Amino acid sequence: MFSNLIGNQRVKDSLLQLLRSERVPNSLLFAGPEGVGKKQFAIELARSFVCQTGKLACGTCTACKRVGLFNTPTSEKGDDYDLVFFGEHSDVGIVIPYKRNLRVGAIRALEIQSNYRPFEARARVFIIDDADKMNDAASNALLKTLEEPSSTTYLILITSRPDSLLSTIRSRCQMIRFAPVAETELEDLLVKRRKFNPKDAKLAARIANGQVATALTIDLDKFRSQRVTQLSVIEKAFINVDRAALLRSAEQMNDAKNKDLFEENLAILETLIRDMWMMKNASLPEAIRNFDIAEELERVSPEIDPRQLGAALNEIESLRQSLAVNINRKSATDALFMKIAA
Ligand SMILES: [Zn+2]
């Protein structure tokens, strides 16, 4: 059990201990950063309740194999999300948010499902993904379910923002805290599973920043080319102070070809600025994400005032907050670039 999952050994140990002593709480809250594998751990825990061999998930019996994928919709209709989604196993389900909301309809559907006896397994397991996306109505509906748990139903709430949950919900769940995955573990994964050479593995692991999901999907060629573009933004903003060129970059960042990569590109720009800021503050080399181009960053950074870099990081953070409330992205990018170009 857990042998295919990278990192978070402490979580593995405590879940195994709970399973072996048959004291797994009926309500669990998996909290920790995005991309560290919380959902994969939840699925593995679910397997341990359906496995045909005994207490722990063997991973190879037909029941274990049937757990993992869920038939979740891709539709644009909110009502389509007012359901518990199952995969091939009728005792393991998931509710997911529609856009930024985990709908009350979905939680009510979960309440009904959670009262059923297991169809074939020892227990039923339901995963509540992005649990922090519940509004008050959904939270209150869930509280009702948490207050009267069926002994054969397990609920696993997943969140990267546990503080956004109602305290009454938090207090009814046992919290399991996930940590970022160590860089060396990610490097190992990249060399073994993706056949990266050691140098690329080191860069990809550093960029992934503790996230298994990112390490497993990162495309380094694409990353490097996006980074060249963002480096040119830095030159235009801090060295040449070329506002017309910056507005063209803002336009390009939001055009049809790049609009889906917007947040990724913004994150790359942010790490470049942060790296330069850290270098000026004599940080340890391990703290520099783009260590492979450190010389290039060192070459441009003497011309930039560190206060300007700090201010730019703040501007990027506030842009990100306003994006969460749906502002016009193109004009926000224009404004950002004009502000950081002093
Ligand atoms: Zn099994």
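Buried residues, those under 20% relative accessible area (exposed is over 50%, partly exposed in between; 1.4 Å probe, protein chains only), make up 48% of the 342 residues in the chain. The model is predicted: local features need pLDDT of at least 70, side-chain atom pairs count only at pLDDT 80 or more, and totals for chains, interfaces and linings use all residues. Residues are numbered from 1 along each chain as its sequence is written, and side-chain values use heavy atoms, with hydrogens and water left out.

**Exercise 1. Describe the overall make-up of the chain.**

Step 1. The secondary structure comes to 15 helices and six strands. These are DSSP runs numbered from the N terminus (helices: H or I, at least four residues; strands: E, at least two).

Step 2. The C-alpha trace spans about 70 × 40 × 35 Å along its principal axes.

Step 3. Contact means heavy atoms within 4.5 Å. Among contacts with a separation of 6 or more, 68% are between residues 24 or more positions apart.

Step 4. The chain is divided into domain 1 (9–177), domain 2 (182–218) and domain 3 (219–340); such bounds come from an automatic or database domain assignment.

**Exercise 2. Characterise the interface between domain 2 and domain 3.**

Step 1. The C-alpha centres of domain 2 and domain 3 lie 23 Å apart.

Step 2. On the domain 2 side 10 residues are in contact with 12 residues of domain 3.

Step 3. About 980 Å² is buried between domain 2 and domain 3, and carbon and sulfur atoms give 65% of this area. Leu203, Arg206 and Ile207 supply 59% of what domain 2 buries against domain 3, more than any other three residues. Buried area here is the accessible area (1.4 Å probe) that two parts lose on being put together, summed over both.

**Exercise 3. Locate the two largest pockets and state what lines them.**

Step 1. Fix the terms. On a 1 Å grid over the protein atoms alone, a cavity is a set of points where a 1.4 Å probe fits but cannot get out, and a pocket is an open set with protein on both sides within 12 Å along at least five of seven lines; lining residues have an atom within 4 Å of a point. Grid points are joined across faces, edges and corners, and a volume is the space filled by probe spheres set on the points.

Step 2. The largest pocket holds about 1200 Å³ of space. It is lined by 30 residues, with Glu34, Gln211, Glu263, Ala267 and Arg320 closest to its centre. Two or more lining residues come from each of α8 (198–208), α9 (212–217), α10 (220–239), α12 (262–280) and α14 (306–323). The largest share, seven residues, is from α12.

Step 3. Sort that lining by class: eight nonpolar, eight polar and 14 charged residues. Nonpolar covers Ala, Val, Leu, Ile, Met, Phe, Trp, Tyr, Cys and Pro, charged covers Asp, Glu, Lys and Arg, and the others, Gly among them, count as polar.

Step 4. The second largest pocket has a volume of about 480 Å³. Of its 26 lining residues, Gln40, Ile43, Arg47, Gly68 and Leu69 lie nearest the centre. The elements giving two or more residues to this lining are α2 (38–50) and α3 (62–66), and α2 gives the most, with five. By class the lining divides into 11 nonpolar, eight polar and seven charged residues.

**Exercise 4. Find the enclosed space in the structure.**

Step 1. A search of the whole structure finds one cavity of 30 Å³ or more; the largest cavity contains about 40 Å³ of space.

Step 2. Leu231, Ile234, Glu235, Glu296, Arg299 and Val300 line the largest cavity. The elements that give two or more of these residues are α10 and α13.

Step 3. By class, this lining has three nonpolar, no polar and three charged residues.

**Exercise 5. Is asparagine 290 buried or exposed, and what does it contact?**

Step 1. Asparagine 290 sits in the loop between α12 and α13 (294–300).

Step 2. With a relative accessible area of 0%, asparagine 290 is buried.

Step 3. Beyond its neighbours within four places in sequence, asparagine 290 is in contact with Ile207, Phe223, Arg227, Thr271, Leu272, Asp275 and Leu297.

**Exercise 6. Examine two residues with positive phi.**

Step 1. Glutamate 22, in the loop between α1 (9–20) and β1 (27–31), has a positive phi of about 55 degrees although it is not a glycine. Glutamate 22 is exposed, at 59%.

Step 2. Lysine 99, in the loop between β3 (92–95) and α4 (104–114), has a positive phi near 50 degrees. Lysine 99 is exposed, with a relative accessible area of 57%.
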